[in-house]
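Biologist: I am new to this structure. Can we go through it feature by feature?
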Amino acid sequence: MTDIETSRRADGSSRDDIRGAVDGDLRGDVSFLGSLLGRVLRESGSDDLFRDVEAVRAAVIAAYEGAGGASLDDAQTIVDGLDQERAEQVARAFTCYFHLSNLAEEHHRVRVLRRRGSAQRTASDSVADTLQQLVAEVGADEASKRLSDLRFHPVLTAHPTEARRRAVASTIRRISDLMDERDRLQNDIAVAEAERRLLEEVDTLWRTSPLRTTRPTPLDEVRTAMSVFDQTLFEIVPQVYRLLDDRLLGDRAGREPAVAPAFLRLGSWIGGDRDGNPHVTAEVTRQAADIAAEHVLLGLHRAASRVGATLTLDEADTPADATLIALADAQRALDPELASSIGVRSPNETHRRVLLFVAARIEATRRDGDPLGYDAPEQLLADLRVVQHSLRAAGAHRAANGELQGLVWQVETFGFHLAELEVRQHSQVHRTALAELRAGGETSPMTDEVLAVFRTIKDLQVRYGVRAASRYIVSFTQSSADLANVHELAAYALGSAQAAPVLDVVPLFETFADLEASTRILEEALGTEVVQRRLSETGRRLEVMLGYSDSSKDVGPVSATFALYDAQARIADWAAANDITLTLFHGRGGALGRGGGPANEAVLAQPPHSVDGRFKITEQGEVIVAQYGNQAIGARHLEQMAAATLLASSPSNEAENAEAATRFADVVATMDEASRATFFRLVKAEGFASWFAAVTPMEEVGLLALGSRPARRGLSVESLEDLRAIPWVFAWTQARINLAGWYGLGSALAAVGDVDLLRDAYKTWPLFRTMVKNVELSLAKTDGHIAREYLGLAERDDLAGAVLDEMALTREWVLKVSKHAEVLDGRPVLSRSVRLRSPYVDALSLLQLRALRSIRVNGGGDPADADHRLLLLTVNGIAAGLQNTG
C-alpha cells in the first residue's frame, strides 16, 4: 500500500496529474509509511493478505478512474469473494492506511507551519495583523481596548464522534513523534534505528483491535480530554500569548511588561452534560472537576518549580523590594520549616526562595484542607505579581517578563480548575422534578439526582472558586419559566435561594421554533427578579446558546443556516437595546450538517454586534484531537480563532455583513421557502424514518462503543424527533451521501434562478459564501456511485430518486455559483486530499455494503455476529478516511 495518488474527475485528470501537484515531502511521507504497512501485512499475513489488499486497491482505483471500462461491480465482486476473516483483515488494512495518511498530512502541516515561522513570515490572519487593521479603522485606543476585552472560549464536549480507540490514538501519536525525530536525524545509523522503531509501531497499530469492547464511561472521556491538556494546551497557551506579545512590542518585548491579554478561557461539558446521558451523575461531575483540577495544579506546580529554580539572582545585583521581603516574611510565618529548607538551598536569592515556596503552596493546594494551600487562584496571581514587581524594581526586566510571565498567563487562563465545567440538562427534566417537589411527599431518584447536582456545584465553587462551575445550560428552552426553574430547584437543593450556588443559567435554543421564539423568551426572563439580580452582579453580562444540530435536522441545512443568522441578529439587537453585554455560545459540531467547517470563516460571517470580541464554541469529538492534538496546529488554531473573533467586530466586516443581509433579503426568502419544501418532502414522506434506517448503517452505528452517551433519545426510529443529530449525520456520512450537509440547497438556488445575482451574493456576502463553500466540501465527500448502492438497500425508488436528483441539482448549482469546474477547485490543497482518499474509502464502503446486505437479508441478525463485526470495522475506517464522523 504505497500509492495514494488517484482521482476521478470530469476533466479526465489522472493519478499522474495529482502526483505532480502533491508536495514532494508529503508524497514521500505517505509512500514511506505505506511501504511500512505493506511490509507489516506481508509479515503478519503472508503474501496472500498483501495480494488481496492490492487486488481490492487496484480494482477500486480502476473503477474510480473508469479505466478500461472498469466499474464498481468489478470491485464489489472481488470484495464479495473474500472469506470473512480476510474481509476483516482487508478492512483493517485500509483503516490503518488512513490513520497513517492522516498522520502524514498532519506531519506535513506542521512542517509547513515551521517553515513559515523560520522564514519570519506573519500570517495574514494573525492577531497582530488584525490589530493593525483595527487601529486603521477605529484608532489605537479603541483597538487596544478591544484587544484587552478579547475572549475566545472553546468548550470541550464528549459527543461520541471520535471513532478511534484511545489505544489506537496513542500508537498514532508515537508514530508521529518518531516521524518528527526522523526528520531531524542526520546520522544513517540513527535514521535506521528510527525506522526500525517506526516499523515496530506500525506493526502495533495493525495488531491493535480498532473496536472498543466496552463503552467508555464519562470519566474515561474526561481522562481523554486531560491527555490533550497535558500534551498540548497547557504548553501552547503561553506560547500563543508570547507570540502576540513579541509582535506587539517588537524590540521592546522582554524589556517591558507584557501587553498581550490572556484571551483564552477553556470550558468543558465532559462529566457535566447530563442531557440524555444517565451515566453522568452528580458524583461523576464532582470527580470530573477534581480530575481537571489535579491536572492543572500538577502543571502549575511543575511550571512554578521550573521557573523558581532558574531565578538564581543574587541579592547584591538584584535586591528584593519591600513588598517581596514582606511576602517572604509571611511565607516564613506560614511554614517556618519549609521556608528554612528552601532558604538553605537558595542563600541570598530571595526571588528564588519566594517562588519555590509558591510552588510548594501550589502542591499543597492539591490536598483539600491543607492550610498551606491557596484558597483561590487570585491569591497565587497576587504572589506572582509581587515577584514580578520586585524583579522590575531591581532592573531584572527580562526575568520578570519572561518565563515568569508565562506562568502568570497560565494561571489567568486555567485558574485552579483548568476548564469551566458546565452542567447541561433538558428543560423537561426540570419541569418533572419541580412538579414532584411542589406536590410534596416522597421524591423520585431522578429528582434526588437533580437536586444533588446543585449541591455538587456549590461544593465545587467553595473548593475551586465560582468560575470553576457556574454555568447551567438548559436544553430545549421553550419559555422563561424553563430558566426560572433552575433557580427554584437550586433553592430546594440548598434550603434557600441565599444558600444556593452562583448560577449563570444559559438558555439553549435548538429547534427552529425555539430560535424564532428566542427574543420573546429572553424579554420575559429579563422581567424576573433573579435574572435582574444576576445581571447586576455580572455587569449586565448574559450568555445565550444556539444549537446547530437539531435546527438543521428540523428544517434542513439551508433554512437552519438562515434561521440561526436571523436569531443571532435579533438577539444581538435585543441585548444592545437592554444594555446587555452578550456572549453567543455556538453549539457547532465537527460535521458540516452540525455547523462544522472552518470555524474562523464562520466567525467572520456572523451578524453585526453578535460577536463583539467574544466567541464561544463547542469543540466536539474528533475535532478536539484535530485542533489540539499537536502543539503547532493547536497554537495556529488558537491564533486564527482569536484573530477572527477580533476582526468580526471591525466596522468594515460588520458593514459587509449588514449590507449584504439587507441586499439579499429576497434571495434568502426564496431560498428558505424552496429548500424547506424540498427537505420536508423527503423527511416527512410516509415511511421515511424506517427507510433511512434501512439505507444507512444508522442502527448499527448505535452498536459502536463510541461514547458514554446513548445514540438516541428513545427506543424508536419511527420518529426522527427521537433520533439525536449525531447518528443522523454520522449515518449519512457513512453512506457517502452526506445529506445532512447539503440537501435542499440545489432546489433553493434553482428557485432563485438568477446566476449573476447568486454569484454576486457569493462574492459579497460572507454567510452565503461560507454556506456554499461548506456544501462544496460536503459534496466532495459524497459519491453518487456508492450512494446508489446504499439507496438500493431498500425498495423506495421515490425517496432514492429524490436524494440523487437533489444531489445532482445541488452540485450543478454550486458549480454555477462558485464558477468552479469541479467542487473544491478553489481550495486545491483540500481538493487533492479528498480526491486522493476517495477510491480507498470506496474499498471500505464496498466492504460495508457487503455486510449491510447480509444483515438486511437476515433480518438484522445477531449484533455479535461476523457481519456486524465487519460493518463496525468499516465504520471506523470510513470515519478515518473521510476525517469526519458526526
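Modeller: Start just after helix α16, where Gly415 takes a positive phi of about 55 degrees. Keep in mind that this is a predicted model.

Biologist: Which residues does α16 cover, and how do I check its length against its ends?

Modeller: Multiply a rise of 1.5 Å a residue along the helix. Helix α16 has 12 residues, 403-414, and should span 16 Å. Its end C-alpha atoms are 17 Å apart, which agrees.

Biologist: How many of the 12 residues of α16 are buried?

Modeller: Buried means under 20% relative accessible area. In α16, 10 of the 12 residues are buried, so the helix is largely enclosed by the rest of the structure. Among them are Leu404, Leu407, Trp409 and Phe414. Gln405, Gln410 and Thr413 are also on the buried list.

Biologist: What covers the buried residues of α16?

Modeller: Look for elements in contact with them. The cover includes α9 (218-249), α10 (282-310) and α13 (350-365). It also includes α14 (377-393) and α15 (397-401).

Biologist: Back to phi. Which residue other than glycine has a positive value near 55 degrees?

Modeller: That is Asn738. Asn738 sits in the loop between α32 (725-734) and α33 (739-742).

Biologist: Is Asn738 buried or exposed?

Modeller: Compare its relative accessible area with the 20% cut-off for buried. Asn738 has 8%, so it is buried.

Biologist: And where does Lys819 lie?

Modeller: Lys819 lies in the loop between α38 (797-818) and α39 (828-857). Its phi is also positive, near 60 degrees, and it is not a glycine. For exposed, the cut-off is over 50%. Lys819 has 62% relative accessibility, so it counts as exposed.

Biologist: Now the whole protein. How many helices and strands does it have?

Modeller: The count is 40 helices and 9 strands. For compactness, compare the radius of gyration with the globule rule. The radius is 28 Å, close to the 29 Å that the rule gives for 886 residues, so the protein is as compact as a globular protein of that length. The C-alpha atoms fill a box of roughly 85 × 75 × 60 Å along the principal axes.

Biologist: What share of the 886 residues is buried?

Modeller: Buried residues make up 59%. Contacts are worth reading too. Among those between residues at least 6 apart in sequence, 81% join residues at least 24 apart.

Biologist: What about the charges? How far apart do the centres of the two sets lie?

Modeller: Count each set, then compare the centres. There are 99 positive and 126 negative side chains, with centres 2 Å apart.

Terms used
Residues numbered from 1 in each chain as written. Predicted model: local features only at pLDDT ≥ 70, side-chain atom pairs only at ≥ 80, totals over all residues. Heavy atoms only, no water. Helix = DSSP H or I, 4+ residues; strand = E, 2+ residues; numbered from the N terminus. Buried < 20%, exposed > 50% of the residue type's maximum accessible area, 1.4 Å probe, protein only. Expected span 1.5 Å × (residues − 1). Contact = heavy atoms within 4.5 Å. Rg over C-alpha atoms; globule rule 2.2 N^0.38 Å. Lys, Arg positive; Asp, Glu negative; His and termini not counted. Charge placed at Lys NZ, Arg CZ, Asp CG, Glu CD.
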